[in-house]
Amino acid sequence: MAVRLKDIAKDLGVSTVTVSKVLRGNPEISERTRARVLKRVRELNYQPNMQARGLAGGRSFTAGLVVPDLVHPFFGEFAKSLGGALRASGLGLMLASSEEDPEIEVQEIRTLLNRGVDVLLVASCQTLESESLFFGDGARPLLLIDRNFTKIGASFVGSDDVQVGEMGTRHLISLGRKNVAHIGGQGMSPAVDRQAGYRKAMAAAKIKVPANFVVTRDRIEESGDSAGYYAMQELLSQGARPDAVFCYNDLSALGAMKAAMQAGLRIPEDIAFVGCGNLRYAEYLKVPLTSIDHSTERLGVAAANLASQLAESPLTLPQTVLLEPKLMVRRSSVAE
């Protein structure tokens with residue numbers, strides 16, 4: 001039979017209110033009483049009835065997360081980190097994938113809201129120009145992940161993507177590369193901001209960017225390596241060949257490197273590459289990939305901390321948390 005709150009109270013000769021206050025971290029309780037209650041809780045392996053607590057307080061103690069693609073390493077690792085950090089805060093995680101389809105995203109958001117999640121987290125596949133943005137019923141707090149929509153004024157956790165683009169491009173320029181191209185995405189804030197960072201670094205170095213040196217692809221998160229492969233082929237088919245490429249993410253960089261090697265180019269002697277994401281196996285590739293690390297694990301923890309705060313206090317003013325990127329230099333840009 002499950003241990004109840006009143007069983008612990010009866011054992012210790014205190015009120016159920018006292019036990020409840022201890023479990024909720026109420027500072028009114030003395031340290032001696034707190035220690036006695038927590039000791040008995042551990043001995044009896046007491047597990048709170050979250051359903052009953054939710055009914056009493058109007059909460060479900062769950063967070064809902066919608067991501068574009070669970071197969072993509074970034075979103076899989078983010079969900080794992082987020083779930084672990086939420087668990088430590090007493091929140092469960094309900095997870096859904098939009099399959100990079102805006103209509104499915106809307107369906108999944110509605111499903112999570114109907115299940116009564118306390119806070120909604122969305123890494124949206126909607127475009128910045130979309131006229132039909134839908135992120136919830138307005139009653140539950142919203143936290144945008146990785147992809148921001150500044151016009152709606154929601155909380156956001158992600159990378160400083162302008163700095164990402166600037167950092168990757170500046171590294172290539174520092175190596176003496178003069179013809180730096182960019183393979184990017186379309187319609188999402190990370191793609192827009194990383195390209196802005198690329199152009200900012202090129203302008204700072206007083207290097208003109210030819211129009212054909214920026215090749216973008218739609219749904220680059222989903223198509224990844226194939227998008228990078230064909231984008232690189234397009235760059236190589238033109239008159240002036242780039243001697244370096246800053247790629248939107250690691251998967252597009254892997255595809256671009258494959259196309260370059262098939263064309264007989266040496267990496268990094270003939271052409272250098274920088275990706276973004278710092279995939280777990282980037283250093284073990286045939287040509288280890290230089291990448292911008294935006295610390296997926298730290299993103300998950302930061303999102304969990306803010307989601308817990310929003311679930312507890314839904315009227316909290318919107319906050320923006322940008323994590324500092326870090327350059328991880330490997331052989332795709334610097335020869336050994």
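Begin by selecting strand 1 (residues 62–67) together with strand 3 (119–122) in this predicted model, and you will see that strand 1 and strand 3 run in the parallel sense, paired over 4 bridges. If you then pick out Gly64, you will find that its bridge partner in strand 3 is Leu120. Strands of a sheet pair through backbone hydrogen bonds, either parallel or antiparallel.

Now add strand 2 (92–97) to the selection; strand 1 also pairs with strand 2 in the parallel sense, here over 6 bridges, and Leu65 stands opposite Leu95 in strand 2.

While strand 1 is still highlighted, which of its residues are covered on one side and which on the other? Thr62, Gly64 and Val66 are on one side, Ala63, Leu65 and Val67 are on the other, and all of these are buried, in agreement with the count of 6 buried residues out of 6 for strand 1. In a regular strand the side chains alternate between the two faces of the sheet.

**The whole sheet**

Widen the view to the open sheet of 6 strands, which follow the order 2-1-3-4-5-11 with parallel pairing. Which strands stand at the edges? They are strand 2 and strand 11 (320–323), and because each has a single partner strand, one side of each is left without a neighbour in the sheet. Neighbouring strands of this sheet are turned against each other by 15° on average, with direction ignored.

Next, select helix 11 (residues 296–312), which packs on the sheet and touches strand 3, strand 4, strand 5 and strand 11; the direction of helix 11 makes about 175° with that of strand 5.

**A buried serine**

From strand 2, move to Ser98, which lies in the loop between strand 2 and helix 6 (102–114). Is Ser98 buried or exposed? With a relative accessibility of 0%, Ser98 counts as buried, and if you leave aside its neighbours within four places in sequence, its contacts are Val66, Val67, Pro68, Ile104, Glu105 and Cys125. Two of these names, Val66 and Val67, will be familiar from strand 1.

**Aromatic rings**

Turn now to the aromatic side chains, where the count comes to 4 aromatic pairs. Select Phe135 and Phe149, whose ring centres are 5.3 Å apart and whose planes stand at 50°, so that the pair is tilted. This pair links distant parts of the chain, with Phe135 in the loop between strand 3 and strand 4 (142–145) and Phe149, 14 residues apart from it, in the loop between strand 4 and strand 5 (155–159). Phe135 is buried at a relative accessible area of 10%, and Phe149 is buried too, at 6%.

Compare this with Tyr229 and Tyr230, where the ring centres are 5.1 Å apart and the planes stand at 85°, so this pair is edge-to-face. Tyr229 counts as buried at 16% relative accessibility, and the charged end of Lys258 sits over the ring of Tyr229, 5.6 Å from its centre. A further charge to look for is that of Arg194, which lies over the face of Tyr248 at 4.6 Å from the ring centre. Before leaving the rings, select Phe74, Phe75 and Phe78, which ring pairs link into a cluster.

**Salt bridges**

Side chains of opposite charge can pair when their charged atoms come close. In this model the count comes to 11 salt bridges, and a few of them are worth selecting in turn.

Take Glu31 and Arg34, which form a salt bridge with the closest N and O atoms 3.6 Å apart. Both residues lie in helix 3 (residues 31–44), 3 residues apart, about one turn of the helix. Glu31 is exposed, with a relative accessible area of 59%, whereas Arg34 counts as buried at 15%.

Then select Arg217 and Glu234, a salt bridge whose closest N and O atoms are 2.8 Å apart. Arg217 belongs to strand 7 (residues 214–217) and Glu234 to helix 9 (residues 220–236), so the pair ties together parts that are 17 residues apart in sequence. Arg217 is partly exposed at 22%, and Glu234 is partly exposed at 33%.

Continue to Arg266 and Asp270, joined by a salt bridge with the closest N and O atoms 3.0 Å apart; Asp270 is buried, with a relative accessible area of 18%. As a last stop, select Asp11, Lys39, Arg40 and Glu43, which are joined into one network by salt bridges that share partners.

Terms used. Residues are numbered from 1 along each chain as its sequence is written. This is a predicted model: local features need pLDDT of at least 70, side-chain atom pairs count only at pLDDT 80 or more; totals for chains, interfaces and linings use all residues. Side-chain values use heavy atoms; hydrogens and water are left out. Rings of Phe, Tyr and Trp (its six-membered ring) pair if their centres lie within 6.5 Å; planes under 30 degrees apart count as stacked, over 60 as edge-to-face and the rest as tilted. Helices (H or I, at least four residues) and strands (E, at least two) are DSSP runs, numbered from the N terminus. Buried means under 20% relative accessible area, exposed over 50%, partly exposed in between (1.4 Å probe, protein chains only). A charge sits over a ring if NZ of Lys or CZ of Arg is within 6 Å of the ring centre and within 35 degrees of the ring normal. A salt bridge is a side-chain nitrogen of Lys or Arg within 4 Å of a carboxyl oxygen of Asp or Glu. Two strands pair if DSSP finds at least two bridges between them. Axes are lines fitted to C-alpha atoms, for helices over the stretch in contact, and angles run from 0 to 180 degrees between N-to-C directions. Contact means heavy atoms within 4.5 Å.
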